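Thanks, everyone. Let's put the structure up and walk through it.

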Amino acid sequence: MNEAQEVELATGTKARVKLLRLDETRDPLRDAVRQARVHIELNGQSLVLTSATYHLPVTFAGVQVDCPITKGHVGNSSQGNAWGLLKDARLRFWPSGSAWIEPGTFGYPLKQRWFASHTQMANEPSFVDGGEVPNEKRIYYHYGLDSGGAEGMAEVVAAADGRVISWGTNILAGYDDSPAKPRYDVVYLLDDRGWFYRYSHLQTIDPAVRLGSPIHLGQKIGLLGKEGGSGGWSHLHFDITSRQPSGLWGIQEGYAFLWEAYLNQYLPKLIAVARPHHFAYTGEKVVFDGSKSWSASGRVTRYDWTFTDGTKASGPTVERTYAQSGEYSEILKVTDARGEVDYDFAIVLVIDKSASDQLPPTIHPAYAPTLNIRAGDPVTFKVRSFGTTFGNETWDFGDGSEKVTVKSDGNVEQHAKDGYAVTQHRFAKPGHYLVRVERINERGQRAIGHLHVPVEASRAAGPTK
Ligand SMILES: [Zn+2]
């Protein structure tokens with residue numbers, strides 16, 4: 001705080017920055033930092049930046065800047081100082097107009113559509129497996145990037161050219177004192193920048209991934225799974241560790257790199273962003289924010305929210321409160337000037353203020369494939385609930401078809417091979433489908449999940465392959 005520094009950018013130009021103030025907003029349930037804002041002076045002008053939590057670098061006063069981590073997170077972290085942060089905040093700078101990572105050196109690590117399932121990213125307290133509970137005061141601020149997906153179906157690929165330092169329980173000689181911590185479901189790669197990349201919870205590791213092997217950007221690492229310390233939900237945990245200015249190893253926040261790589265490789269027209277999730281008591285105000293949504297055409301023109309109780313609202317930010325505990329998934333629809341639409345879901349975990357030990361269940365839905373689905377194609381849907389073994393999951397595919405009931409195991413044994421309940425569905429017509437799945441426990445508390453499934457027209461009539 002109050003420290004000023006001169007920063008030399010990659011282009012050789014200089015920026016002058018001073019940290020003026022840090023505001024960290026904590027929730028009343030766990031005292032977790034939910035939003036951190038830094039006030040800085042940058043080249044003589046004032047700027048307020050929101051740290052991480054799905055925020056991207058911003059252009060200001062001739063440079064680009066972001067704030068990947070602030071001190072309050074380190075104080076009650078269950079994972080120690082994963083960021084290697086010793087000061088009040090970390091700031092990163094790029095020249096104005098430059099890419100966030102050197103073009104051609106970084107790729108999206110998963111063959112999957114953006115936000116196709118739940119995520120835990122950029123210091124968001126981890127929640128999908130039901131681990132976000134009021135009486136747990138050490139917070140797992142998720143320092144890496146968790147992307148949910150269908151177990152054994154989503155392909156994990158290398159984000160950069162590199163070399164295999166560790167796969168499974170094997171580690172290359174000379175790397176015992178490095179960020180690589182071998183585990184049966186984990187692969188570590190090291191790139192030319194000196195960055196260590198961790199890929200965790202893999203169901204299978206590709207046979208080409210062997211100690212010391214060179215690996216190319218985009219090369220298959222394995223299949224997404226729920227192995228190791230996954231909490232029982234199937235996802236890729238991807239993180240990058242590098243030497244930080246403090247001299248310590250620490251997390252190199254990668255959300256912006258993933259975002260940039262995804263835009264370059266998959267050319268989306270529009271991305272709705274309703275994340276991170278919310279954690280609130282009944283009766284407490286929840287503020288929804290869709291303003292991080294993005295359009296290739298330059299501007300999102302509409303933000304439409306549809307809530308679980310059927311009420312609607314519009315605008316980038318809206319507020320509401322909940323009378324009943326549960327896990328809700330609120331729908332954000334964004335529209336841009338060209339009439340393109342996209343959807344995302346804001347998950348809200350609501351705890352009963354008068355019975356905060358009666359926790360609602362949570363739910364994780366996923367599907368595959370997520371890209372280039374055509375009308376009539378089979379799509380696999382997987383779901384697992386957490387915190388209850390009562391009842392069933394009910395799917396509503398949003399196309400007028402009959403509801404389908406399945407039963408997952410309630411995560412009693414997190415590595416159970418058949419933990420997810422599996423069903424298949426075909427959409428007869430093209431469109432954007434909002435698929436809903438829910439499970440209710442014996443107390444009537446509900447966990448609701450949504451998936452957005454874009455379906456294209458079937459392959460044109462004519463010669464079939
Ligand atoms: Zn993770």
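One definition before we start. Four donors count as tetrahedral if all angles lie between 85 and 135 degrees; they count as square planar if opposite donors are over 155 degrees apart and all others between 65 and 115; anything else is irregular. Keep that in mind for the metal.

This is a predicted model. Mean pLDDT is 97, and 99% of the residues reach 70 or more. Residues 461–465 fall below 50, and beyond near neighbours in sequence that stretch makes zero contacts in the model.

Now the zinc ion. Which protein atoms serve as its donors? They are NE2 of His142, OD of Asp146, counted twice, and ND1 of His237. Their distances from the zinc ion run from 2.0 to 2.7 Å. Is the arrangement regular or irregular? The four donor atoms subtend angles of 54 to 153°, so the arrangement is irregular. For reference, ideal angles for four tetrahedral donors are 109.5 degrees.

Look at the spacing in sequence: H-x3-D-x90-H. The two histidines link distant parts of the chain, 95 residues apart. His142 sits in strand 10, residues 141–142, and His237 in strand 20, residues 235–243. Both His142 and His237 are buried.

Next, a sheet. Three strands form an open sheet in the order 5-6-7, paired antiparallel. Strand 5 (58–60) and strand 7 (89–95) are the edges, each pairing on one side only. From one strand to the next, the twist averages 35°. Strand 6, residues 63–70, is joined to strand 7 by six bridges. Within that pairing, Gln64 stands opposite Trp94 of strand 7.

On to backbone geometry. Most residues other than glycine have a negative phi, and most peptide bonds are trans. Here are some exceptions.

Two peptide bonds first. Arg275 to Pro276 is cis, with omega near 5°. Pro276 lies in the loop between strand 22 (270–271) and strand 23 (278–281). Ala368 and Pro369 are also joined by a cis bond, with omega about -5°. You'll find Pro369 in the loop between strand 31 (362–368) and strand 32 (378–386).

Then positive phi. Asp31 has phi near 65°. Its loop runs between strand 2 (14–26) and strand 3 (33–42). His201 has phi near 70°. That residue is in the loop between strand 16 (196–200) and strand 17 (204–205).

Last one: how accessible is Asp31? Its relative accessible area is 43%, so Asp31 is partly exposed. His201 is at 3% and therefore counts as buried.

That's the tour. Over to you.

Terms used:
Residues numbered from 1 in each chain as written. Predicted model: local features only at pLDDT ≥ 70, side-chain atom pairs only at ≥ 80, totals over all residues. Heavy atoms only, no water. pLDDT = per-residue confidence, 0-100. Contact = heavy atoms within 4.5 Å. Pairing = 2+ DSSP bridges. Helix = DSSP H or I, 4+ residues; strand = E, 2+ residues; numbered from the N terminus. Axes fitted to C-alpha atoms, helices over the stretch in contact; angles between N-to-C directions. Donors = N, O, S within 2.8 Å, 3.2 Å for Na, K, Ca; no water. Tetrahedral: all angles 85-135°; square planar, octahedral: opposite > 155°, others 65-115°. Buried < 20%, exposed > 50% of the residue type's maximum accessible area, 1.4 Å probe, protein only.
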